[in-house]
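I am opening a fresh page for this chain and will note down what I look up, entry by entry. I begin with the chain as a whole and then turn to single residues.

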Amino acid sequence: DRLPYLSSPRIFNFAGIVTIKPQTFFLHQKRYLHRVVRRYWQQQQSISKRQIGKKAVTLAGDARCDSMGHSAKYLSYSLMDTATNKLLSVQLIQVG
């Protein structure tokens with residue numbers, strides 16, 4: 001989401017602090033941050049799956065629709081192990 005980044009330069013500019021351009025920020029985000037976060041998430045999922053093994057687990061799930069205007073375009077669904085409070089799965093589904 002671009003909104004948090006785009007509001008920060010205004011504050012910094014007001015304070016006289018030099019910042020990078022939005023294009024540079026989004027390029028670094030795409031090249032580095034997304035990769036690292038995705039790799040970390042996959043490693044944590046693997047660790048959680050190994051720890052659970054074939055044990056019985058109690059899962060809690062929740063869904064949320066994100067709507068721009070009146071109709072929801074995406075649905076996110078999360079599953080959590082209630083014993084460890086770890087997220088086991090997060091899915092983003094396009095519904096409209």
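**Entry 1, the whole chain.** I looked up burial first, and found that buried residues make up 8% of the 96 residues in the chain. I keep in mind that this is a predicted model, and I write each value down as a computed one. For the accessible surface of the chain I noted about 8,400 Å², with 58% of that area belonging to carbon and sulfur atoms.

**Entry 2, the elements.** I counted two helices and three strands in the chain, and reading from the N terminus I found them in the order α-α-β-β-β. I then asked how many of the contacts between residues at least 6 apart in sequence join residues at least 24 apart. The share I wrote down is 19%.

**Entry 3, F12 and its patch.** I found F12 in helix α1, which covers residues 3-15. Is F12 buried, partly exposed or exposed? Its relative accessibility is 34%, and because partly exposed covers the range between 20% and 50%, F12 counts as partly exposed. I also noted that F12 belongs, with I11 and I17, to a nonpolar patch on the surface, and that these residues together have about 290 Å² of accessible area.

**Entry 4, an aromatic pair.** I searched for aromatic pairs and the count came to one. The pair is formed by F25 and F26, whose rings lie 5.1 Å apart, centre to centre, with 80° between their planes. The pair is edge-to-face, because planes over 60 degrees apart are counted that way. I checked the burial of both partners as well: F25 is partly exposed at 28% relative accessibility, whereas F26 has a relative accessible area of 14% and is therefore buried, since the limit for buried is under 20%.

**Entry 5, C65.** I located C65 in strand β1, which runs over residues 59-68. Leaving out residues up to four places away in sequence, I found that C65 touches A72, Y74 and L75. I also looked up its separation from I93, which is 28 residues away along the chain, and the distance between the two C-alpha atoms is 9.5 Å.

**Entry 6, N85.** I placed N85 in the loop between β2 (71-81) and β3. What is phi of N85? I read a value near 60°, which is positive, in a residue other than glycine. I marked this down because most residues other than glycine have a negative phi. N85 has 56% relative accessibility and so counts as exposed, the cut-off being over 50%.

**Entry 7, S89.** I found S89 in strand β3, residues 86-94. Its side chain is joined to that of Q91 by a polar contact of 3.1 Å. When residues up to four places away in sequence are not counted, S89 touches W41, Q45, Y77, S78 and L79.

**Entry 8, V95.** My last stop was V95, which I found in the segment after β3. With a relative accessible area of 47%, V95 is partly exposed. Which residues does V95 touch, if those up to four places away in sequence are not counted? I listed A72, K73, Y74 and L75. For one of these, K73, I also looked up the C-alpha separation: K73 and V95 are 22 residues apart along the chain, and their C-alpha atoms are separated by 5.3 Å.

Technical notes:
Residues numbered from 1 in each chain as written. Predicted model: local features only at pLDDT ≥ 70, side-chain atom pairs only at ≥ 80, totals over all residues. Heavy atoms only, no water. Helix = DSSP H or I, 4+ residues; strand = E, 2+ residues; numbered from the N terminus. Polar contact = N/O pair within 3.5 Å; in protein donor to acceptor, adjacent residues only side chain to side chain. Contact = heavy atoms within 4.5 Å. Buried < 20%, exposed > 50% of the residue type's maximum accessible area, 1.4 Å probe, protein only. Areas by Shrake-Rupley, 256 points an atom, 1.4 Å probe, with all protein chains shown as cover. Patch = residues over 30% accessible without salt bridge, like charges linked within 9 Å, V, L, I, M, F, W, Y side chains within 5 Å. Salt bridge = Lys/Arg side-chain N within 4 Å of Asp/Glu carboxyl O. Phe/Tyr/Trp six-rings, centres within 6.5 Å; stacked < 30°, edge-to-face > 60°.
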